[in-house]
Amino acid sequence: MAAKSNILEVSDLKTHFFTEQGVVPAVDGVSFQIKRGGTLGVLGESGCGKSVTGFSILRLVRPPGEIVAGQILYYGRDAVNGDDLAQIDATSEEMRQMRGSEIAMVFQEPMTSLDPLFTVGNQIMEAILYHQDVSKAEARKIAIEMLDKVRMPQPREMIKKYPHQLSGGMRQRVVIAMALSCRPKLLIADEPTTALDVTTEAQILELMRELQEELGMAIMFITHDLGVIAEMAEEVAVMYLGKVVEQSDIESLFTDPQHPYTKALMQSIPKVGQKAEGRLETIRGMVPSPRNIPTGCPFHPRCASFMQGICDTKLPQLKQSKPGHWVSCFLYEDGGGSHSSTPPPAPPQSIGEG
Ligand code: SF4
């Protein structure tokens, strides 16, 4: 059998949180693939389940959260059959080895990953010594090389510094150096530049692209920022309330967005050449609580194309509307991508207003 061209295939993943107030379906039937060496952007507002999806892949979801269904097939160790990460004990040595040496994660806030009590050199070396059979001196050499690779000035001096002695951008470089020190095949980057100023953000994004090319690593890039998605991703999955509502290659998403939520996201960002007096569009209402997901299409209380009796009663499925482009919306149920001729009724009351 031939090796898979994908490094990761997630199918119908469900991660639910069993709280005293009820079950929160944070990830509710998510499917996507990431190509070897490719970049999948996962886009959505806060609370859409994009970070929980990343945590689920690395088996870092803690009680009351639990993966209740689905497959996470990783083809890094076994390129033909893959390993189902959903079936590996999250606390096992096998999963601990998998984290870091096969799949690494970079978070929005570098201090989530860095210990203020140890020098950055010690922390990078610890990751190297845990995953690689090298001496302390070799680990130190690799740590300096990695800091040099992420363009840290004077890496030999920098490894002696504590996290609080570095700027936010430098700390994120350290975290990237730590994540990449064991040359993972997949990097999950969860809003890695959101806390940085725009200049540092541009530098970090460029750095990640260069390192990706050099190491041949795939990236799952989680963000709420369409500009970052446009810069980084080749494929995009748009998430809303725990589900993927649209998925396509980057060009198709930007030239022909189909789901009303994606369209609304696109209309809510400023464009070059837009008149200064023009008002930016906003998405009406608020994201409903995941404890109280609307019936039918979860986006229907906010949707400008809402169709009464259809959108509020049935759940649309993710279907291919044109080659390589999937969308879950009744406007595309016939597969032709044509809009319904039924005029939308008066806007429904949004959850946020109710
Ligand atoms: Fe809007 Fe209906 Fe499509 Fe949902 S299914 S996005 S409510 S048109």
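**Helix packing, backbone features and ligand shell**

Helix 6 passes helix 7 in a right-handed crossing (the near helix is turned clockwise from the far one by less than a right angle; helices are DSSP runs of H or I with at least four residues, strands E runs with at least two, both numbered from the N terminus). The model is predicted, so local features require pLDDT of at least 70 and side-chain atom pairs pLDDT 80 or more, while totals for chains, interfaces and linings use all residues. Residues are numbered from 1 along each chain as its sequence is written, and side-chain values use heavy atoms, without hydrogens and water.

Helix 6 spans residues 168–180 and helix 7 residues 198–215; the two pack at about 15° with their axes 11 Å apart (lines fitted to C-alpha atoms over the stretch in contact, with angles from 0 to 180 degrees between N-to-C directions). Helix 6 is therefore roughly parallel to helix 7 (under 35 degrees). Between helix 3 (residues 120–131) and helix 4 (residues 136–149), the axes come within 9 Å and cross at roughly 120°. This angle makes helix 3 oblique to helix 4 (outside the parallel range, 65 to 115 for roughly perpendicular and over 145 for roughly antiparallel). Helix 3 also passes helix 4 in a right-handed crossing.

Proline 63 and proline 64 are joined by a cis peptide bond with omega of about 10°. Proline 64 lies in the loop between helix 1 (50–57) and strand 4 (65–74). Glutamine 154, a residue other than glycine, has a positive phi near 45° and is placed in the loop between helix 4 and helix 5 (155–158).

The ligand is surrounded by His259, Pro260, Cys297, His300, Cys303, Ser305, Cys311, Cys329, Phe330 and Leu331 (a heavy atom within 4 Å). This shell comprises 7 nonpolar, 3 polar and no charged residues, with Cys and Pro counted as nonpolar.
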